[in-house]
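Here is a short briefing to read alongside the coordinates. Have the viewer open and follow along, topic by topic.

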2 protein chains.
Amino acid sequence: MARKPADQSVNREEIITAAADVLSRRGYETATMKDIAAAVNLTAASLYHHFRNKDALLLAVLEMGLEFTINRIQPITCQRGLSAEERLRAMIREHIVGVADNPAVGAAMVFEIHALSNAKPPTRRAKPEDLQAFEAFLTQRDAFFRRRDAFEHLFRAVVQEGVRSGEFHPVDVPIFVKALLGANNWVGVWYRPDGRLSGEAIATEITSYFLPALLMRK
Amino acid sequence: MARKPADQSVNREEIITAAADVLSRRGYETATMKDIAAAVNLTAASLYHHFRNKDALLLAVLEMGLEFTINRIQPITCQRGLSAEERLRAMIREHIVGVADNPAVGAAMVFEIHALSNAKPPTRRAKPEDLQAFEAFLTQRDAFFRRRDAFEHLFRAVVQEGVRSGEFHPVDVPIFVKALLGANNWVGVWYRPDGRLSGEAIATEITSYFLPALLMRK
DNA sequence: GTTATAATCGAATCTGCATTAGATTATTTC
DNA sequence: GAAATAATCTAATGCAGATTCGATTATAAC
């Protein structure tokens, strides 16, 4: 029985952080609850005290990653003193540095999101509470997807504003933003903390690739 | 018993194509052999006549996707009559149009590659033939990864050449190519055949975002 | 310090697949 | 058309891993 010395009670936050790391290394389906639990010195069974099930844990990881990112970027969009160019530069920087500083979260945001769509409903005649819980999960998942769209719209709004005002060369705003976010998200796939360039440096580079298209002289 | 009317014997190629589709929709771990088999009107057991196991099938899907892409792009890199700019434009176009024409393959190339890394060795004292087979799989997988690097180098080479000759503004070639391929790969994630823009149109747009950074006047 | 609740554990379930085994049917070769 | 081989099937097998159960220990309230 010999309970482990009980370092300290583990909380939700720590589990989410550790789970992001495990997920980014093994992928949602391959990572076991046991793996995730081990990362915080727990057993698989104990995780169920903190999260209803594996899907709920995944959702929590992704929500945390998205909120983290939005919290960095949102404030920039409404700084009224700055030009569209200045704001966009700052937003790209925050996005990329955020990904580089938290590669696990960055990778999970790219690779594991579509595991959410495969969440399976409670099998046979499950307890009503389980059906309730699944409904709640679906609602929360939809909210997550809407929030993700909102994130994309932060970028669209700034680019759009620059185009409207004539500060930016006209581009297809949705496509431009998809291309930009594709490049940024991809950083989470290839970035290595011990690589040649820092997150800052990468952000500067990538910014310098996208801005000329907006600023070029006709 | 009533054997199905036996339309026609199914071949490797068809299975790979169907598997790419299933994988892109459900993900490697979630897609079952039964799902994939059903997509070509077979039973799961029958797939094992064509592929040693699920990992081998995944590898075959990814290899096919990569070869398809390389075959479109490689020839462009050595057309000596064309400037670096002209070649790069053509390469981006081929890449994106290829992804848009085969979204299943495009998505699989992005999302399922890292399932390859999780391939598990034969468990206990498996027959020597199984160990052999696993060795072969590892070798083939390594070759795949090298081939993928080679693909990236096709782009690097052209950009590098443009920079060397002064045709392009100096950029950090590896990072530039990562950003470009990130944007291109991402198309496979969001592109919908019934969307607002064709693959061609998207390629034109994205090209117009990356080229100014290379061509701008100091 | 007694009671209530929160965290944790070890040891079962329970199920969904991948994979194998052993026929059966098609197709080719001669 | 007989023999050999290819392609498929149905029906096990086996196992890994999510989830549940019941018990145990820590922590807080009072």
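Which residues come nearest to DNA strand D? Of the 20 residues around the strand, these are Met33(A), Tyr48(A), Thr43(B), Ser46(B) and His50(B), where a residue counts as near if one of its heavy atoms lies within 4 Å of the strand. This is a predicted model, in which local features need pLDDT of at least 70 and side-chain atom pairs count only at pLDDT 80 or more, while totals for chains, interfaces and linings use all residues. Residues are numbered from 1 along each chain as its sequence is written, chains are lettered from A and ligands numbered from 1 in the order in which they are written, and side-chain values use heavy atoms, with hydrogens and water left out.

**At DNA strand D**

- Sugar or phosphate accounts for 81% of the strand D atoms within 4 Å of the protein, and bases for the rest.
- Met33(A) has a polar backbone atom 2.8 Å from a phosphate oxygen of strand D.
- In the side chain of Tyr48(A), an N or O atom is 2.7 Å from a phosphate oxygen of the strand.
- From chain B, Ser46(B) places a polar side-chain atom 2.5 Å from a phosphate oxygen of strand D.
- Helix H3 (44-50) of chain A and helix H3 (44-47) of chain B each supply at least two residues of the surface near the strand; helices here are DSSP runs of H or I with at least four residues, numbered from the N terminus.
- That surface divides into seven nonpolar, eight polar and five charged residues.

**Between chains A and B**

- 33 residues of chain B are in contact (heavy atoms within 4.5 Å) with 33 residues of chain A.
- About 3000 Å² is buried between the two chains, and carbon and sulfur atoms give 69% of it; this is the accessible area (1.4 Å probe) lost on putting the two parts together, summed over both.
- Ile175(B), Trp186(B) and Tyr209(B) supply 23% of the area that chain B buries against chain A, more than any other three residues.

**Inside the protein**

- The largest nonpolar core has 151 residues, and Phe155(A), Val159(A), Phe155(B) and Val159(B) have the most contacts inside it; such a core is a set of buried Ala, Val, Leu, Ile, Met, Phe, Trp, Tyr and Cys residues joined through side-chain atoms within 4.5 Å.
- Not counting residues up to four places away in sequence, Phe155(A) touches eight-residue company that includes Ile73(A), Met91(A), His95(A) and Leu181(A).
- Val61(B), found in helix H4 (residues 54-77) of chain B, has a relative accessible area of 3% and is therefore buried (under 20%, 1.4 Å probe, protein chains only).
- Beyond its neighbours within four places in sequence, Val61(B) is in contact with Ile16(B), Ala19(B), Ala20(B) and Leu23(B).

Methods: Buried < 20%, exposed > 50% of the residue type's maximum accessible area, 1.4 Å probe, protein only. Polar contact = N/O pair within 3.5 Å; in protein donor to acceptor, adjacent residues only side chain to side chain. Nonpolar A, V, L, I, M, F, W, Y, C, P; charged D, E, K, R; others polar.
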